[in-house]
Amino acid sequence: MKWLPRPKFIFVSPWLLAAATGLLVLIVVTFAVSNISREKRLMTNAMLQKAATLNRFIRSGAKASYISDLQRGIWKPDPWHDHVQRIINHLSDDPDLSFIAVINSKGKIFAHSRPVMCGKQFPLQLPEDLVERTRNGHFMYTVIPDKEQGRFLEVIRSYIPFQPVLPGIPLSLQELHKRFTIPFAFGGLLGGPDEFYMIIALDMKSYDKALGRLRFQVVMLSLAMLLVGIGGWLSLAAVQGYRVSRKALHEIQAFTGLLISKLPVGIIATNTKGKITTWNNAIAQLLDITADQAIDKKPADILPPELAHFFTSSAPCEKKDEEQGGCEVRLTMIDEEIVLSCHHLTIAESEQEPEGEVLLISNMTALKNLEKEMRETERLAAVGRMAAGVAHEVRNPLSSVKGLALLLQRKFSPGSNEHETATLLIQEVERINRTISELLSFARPAPLELTRVDLRLLLERQIRLLAADTASDGISFTLEAPDDLRPLAADQDRLNQVFVNILLNGVQAMPDGGKLIVRAWNNCEENSVVVSVTDSGSGMDEHIINQVFFPYFTTKKGGTGIGLALSQKVVNEHGGTIQIHSVPGQGTVVTVTLPVWTGKISS
């Protein structure tokens, strides 16, 4: 799956997110306070406008009431505050009106929305700067708390009452308008030196309810905005966390996949359906089955029965590998037996529910071969030490036997039975001495005289000598070696001994004739030369192959069994290897690997 591109703004610091959230909260709070303050101003202005309207209505109504009396011919009208009281009485039914009062500067009430208050002292204290603040038609307002009725807005404005002027005779309406317009205006005739004020108190219950609703709406709107903002940042943080987690998971998966693919241990994993989900390079190379061929398949469909047994049996381990702690399994792959150490695991959840199975496979063939070589080396070392001891102990009395045989031979005339017996005794002693010499050459590490050896020339010489002796036996020789075959750093005499033994063994394995093929090639990777000798003889089984390098082990009549043991010893001393691969009825292949000449002789 191709990963989506990751915008850079997604990967921001958590502190930046916190700062942005704090800024959002500050903006929302500022917005809420600003809205509430603005609405409070608008509602207060509306109430003040209503108070101003009531003030103008009372003034105009009082004048209209006075003029109405004059029109009806009442030339002794009521005092101005009676006309004001009439108008206030009409307004007392207004539910938003707490009270209306007209008072003088000493607090005496001249008109009131509750008539019983007329003539009494105003219960509320007037401001000390009332005169200055209400001069020139200005007004002042104050919010007054009341435990019984709640809050009310008190608006105070100066009030100039009119002074009735009595005419001598009835006048027309036009004349009345000319005569009595001035007393009703500001700055007209006063009823005395005192100053009067109109106080309009508006109930703020509707104001408080509306303000409460506004506050609730603003708070809910602000909260919604805040939640949306916080939700947005949380979503952004969640997206960031998701992308970071996905990136980390992708990196972990990539690292785990790379690690699994590069491990030298073969890994086979199955899911709950029993199908293969993991197949790394090690197991692909070991079994020569690619991952594409194995994924989503049942283990029994592609694995050898010895390995598929682990996924189908409750007790898959039949032979325990004590050194590795796993199960030892032997497979034959392309005519070669390999040894595997297998570990079977069941993957379970925290609730112990199985999630799949894993089989870890280690190729122990090289280790087993190395262990085998070490055991052989130990045995050879033990045989060598024993041979050296035996040779030393046998050679001393053997010299005495040979001397006595020579003395006896001289005492008897040639051709006599005694002379022939003494001669036979001398021959047998010499044969025993040669055997002891071979034992000593096998047991004692003789120093190598390394020189630059032309391997192709050495092989041609050996083949030419053997071909002359075996031409009558129906055996043919073939040498396949490139012209650029690299020279060796070797002891030529002892190397001659190695290839003579190998070629003779090949010839002796074909008593009825056959073909002996000698191949040589350069192994540039390991800086060595490889020689293989292939015969078309009867071959050997595994039991014999495991013992061919043991001293004195032979299947040939008259053989000593020391040739291959000495050859292995010489090749090992040169820093090379010798291996034998044989199939009964198909012949034998002996492979020798030797280091090339580098121009320097290592001590």
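Me: How much area does the protein expose, and what share of it do carbon and sulfur atoms supply?

Reply: Accessible areas come from the Shrake-Rupley method with a 1.4 Å probe, and for residues only the protein chains shown count as cover. In this predicted model, the protein exposes about 35,900 Å², of which carbon and sulfur atoms supply 57%. Residues are numbered from 1 along each chain as its sequence is written, and local features need pLDDT of at least 70, whereas totals for chains use all residues.

Me: What percentage of the residues count as buried?

Reply: A residue is buried under 20% relative accessible area, exposed over 50%, and partly exposed in between (1.4 Å probe, protein chains only). Of the 603 residues here, 36% count as buried.

Me: How many helices and strands does the protein have?

Reply: Helices (H or I, at least four residues) and strands (E, at least two) are DSSP runs numbered from the N terminus, and the protein has 15 helices and 17 strands.

Me: Which loop holds Asp-288, and is Asp-288 buried or exposed?

Reply: Asp-288 lies in the loop between helix H6 (281-287) and helix H7 (291-294), and at 67% relative accessibility it counts as exposed. Although Asp-288 is not a glycine, it has a positive phi of about 60°.

Me: Where does Asn-527 lie, and what is its phi?

Reply: Asn-527 lies in the loop between strand E14 (514-523) and strand E15 (528-535), and its phi is near 55°, a positive value in a residue other than glycine. At 32% relative accessibility, Asn-527 counts as partly exposed.

Conventions:
This is a predicted model: local features need pLDDT of at least 70, side-chain atom pairs count only at pLDDT 80 or more; totals for chains, interfaces and linings use all residues. Side-chain values use heavy atoms; hydrogens and water are left out.
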